[in-house]
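Here is a quick tour of one protein model, going from the overall picture down to single side chains. Have the viewer open while you read.

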Amino acid sequence: MATSPPYPTNPGMPTGGTLRHAHWWQKRWVRYGALITLLALSGLVILALVREQTGTEGFLVGLGLAILPVPLLIAAFRWLDRVEPGPWRNLLFAFAWGACAAALIAIVANSFATRWIATATADPTSADTWGATVIAPIVEESAKAAAILLLFLFRRRDFTGILDGVVIAGVTATGFAFTENILYLGTAFGTDQLAGHSGIASVTAATFFVRVIMSPFAHPLFTVLTGIGFGIAALAGERQRLRRVLLPPAGLLLAMGMHAFWNGSATFGGYGFFAVYGGFMVPAFGLLTWLVIWTRQRELRTVREELPAYVVAGWLAPAEPFTLGSMRARRLAREYAGHHLGKPAARAVAQYEAYATSLAFLRARGRRGRARADFVVRERELLQELWSRREIARPALEYAARVTAPPVPVMMPPVYGWAPMQGPTAPYPAYNPYRS
């Protein structure tokens, strides 16, 4: 068994031993500052536009109602991401992009395109229909997909599979739907104020029921198709360029198509909306939910199958592949560390679990011939991270393994005239020396 890491590293020293000075635009604080500034300006502009259309009171009512489904959706996507949790900064960026930048692009582009069609055709009703069924799906899904593309390109290590694409896409769409719901609910409230409506019969109540109660998953459902396309592309090897290039646009086109079909349901007659909702949206939501949960279980199975190689090499304890491949065991390990050593120890165990999962996925890609050029470097980095946390993590993981391990059948020693009963729990046929 190894007793120390065989390859010490110095993260600040590149290969060759010489320091390279980055240009000012390559510095992290410059990039982060520019991104935060862009999102902040977008947020201020979208705030002003929505408030102008809804009024201050309508904006506050819309904000209060629109925020209700957000924690539930974020919690659901975070639960999916628990196997290999990505950094919170990626999710914050995705939500902010959807709520600010994507919403601003959508409002400006949709309004401009609808007015242009109305002017060109002299038919405002037709322009509204075209805007809802053609322009809006193209503009909105493209704007949301930009966040997925940016994280796919610049946070590649955090974007390794289908669930990463699903989570990023879902959080981006949740942010977009949040801003859009503020606009729709605030506008509905203003309409009710002018007409003197209130209660269940109001436009606000109807809008809330349709957008927040019946279909809070609509925008995430559309954009998740784009995320799946990027997620499958992330699994492709470096030689599978066609797959990496074609799958994200294919997912985006599917998202646009589903979005257009949903928006067009209002033109299918009095019961068209409910027919599309019950016959298409709900089954599609159920199918995608099953797919992502199945993918989550497959990722846990990958952890159990790939990590034993590092047990043989001495990097991991024998029980760790089983423990790290069980979400219940992981939770018990974090709780054990937090109870006995405090919150920093619980965080260290959570980091150990995340790094071990990344290591398992990395090895799986390498075994399938899909490893990138930095495979060896990345493997060393992950092993180094595990090694630096082993003293805290191993006792907690061993405790979790003891608690969650399946019971082992006890084999009674053979006694004169007796042999253990054969059954599905017996690992091998019983031996009775007194049987002829």
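Among contacts in the protein between residues at least 6 apart in sequence, what percentage join residues at least 24 apart? The figure is 75%. Keep in mind that this is a predicted model.

## The overall picture

Let's start with the secondary structure: there are 15 helices and zero strands. The protein has 436 residues, and 44% of them count as buried. As for the outside, the accessible surface adds up to about 23800 Å², with 66% of that belonging to carbon and sulfur atoms.

## Two arginines in helix α9

Helix α9 covers residues 272-306 and includes R298; R296 sits in helix α9 too. R298 has 31% relative accessibility, so it counts as partly exposed. On the surface, R298 joins R301, R304 and R368 in a patch of positive charge.

R296 is a curious one: it's buried, yet it has no salt bridge. Where is the nearest side chain of opposite charge to R296? That would be E299, and it is 7.2 Å away. Setting aside residues up to four places away in sequence, R296 touches W79, L80, R82, V83, L163 and M327.

## Around F261

F261 belongs to helix α8, which runs over residues 241-263. With a relative accessibility of 33%, F261 counts as partly exposed. If you skip its neighbours within four places in sequence, F261 is in contact with F268, V276 and F280. Take V276 from that list: F261 and V276 are 15 residues apart along the chain, and their C-alpha atoms are separated by 8.2 Å.

## A nonpolar patch

Back on the surface, have a look at L41, L44 and L47, which form a nonpolar patch. Together these leucines have about 290 Å² of accessible area. L44 is found in helix α1, residues 28-66. Its relative accessible area is 55%, which is why L44 counts as exposed.

## Salt bridges

How many salt bridges does the count come to? The answer is 13. One of the pairs to pull up is R211 with E180, whose closest N and O atoms are 2.5 Å apart. R211 lies in helix α6 (residues 203-214) and E180 in helix α5 (residues 162-195), so this pair ties together parts that are 31 residues apart in sequence. The E180 end is buried, at 13% relative accessibility.

D81 pairs with R78, and here the closest N and O atoms are 3.5 Å apart. Buried or exposed, what are D81 and R78? Both D81 and R78 are buried. Then there's E385, whose side chain meets that of R389 in a salt bridge at 2.6 Å, N to O. E385 counts as partly exposed because its relative accessibility is 28%, while R389 is buried, with a relative accessible area of 15%. Finally, check out R157, D374, R378 and E381, which are linked in a network of salt bridges.

Key: Residues are numbered from 1 along each chain as its sequence is written. This is a predicted model: local features need pLDDT of at least 70, side-chain atom pairs count only at pLDDT 80 or more; totals for chains, interfaces and linings use all residues. Side-chain values use heavy atoms; hydrogens and water are left out. Patches are made of residues with over 30% relative accessible area and no salt bridge: like charges are joined within 9 Å, nonpolar side chains (Val, Leu, Ile, Met, Phe, Trp, Tyr) within 5 Å. Accessible areas come from the Shrake-Rupley method with a 1.4 Å probe; for residues, only the protein chains shown count as cover. A salt bridge is a side-chain nitrogen of Lys or Arg within 4 Å of a carboxyl oxygen of Asp or Glu. Lys and Arg count as positive and Asp and Glu as negative; His and the chain ends are not counted. The place of a charge is taken as NZ of Lys, CZ of Arg, CG of Asp or CD of Glu. Helices (H or I, at least four residues) and strands (E, at least two) are DSSP runs, numbered from the N terminus. Buried means under 20% relative accessible area, exposed over 50%, partly exposed in between (1.4 Å probe, protein chains only). Contact means heavy atoms within 4.5 Å.
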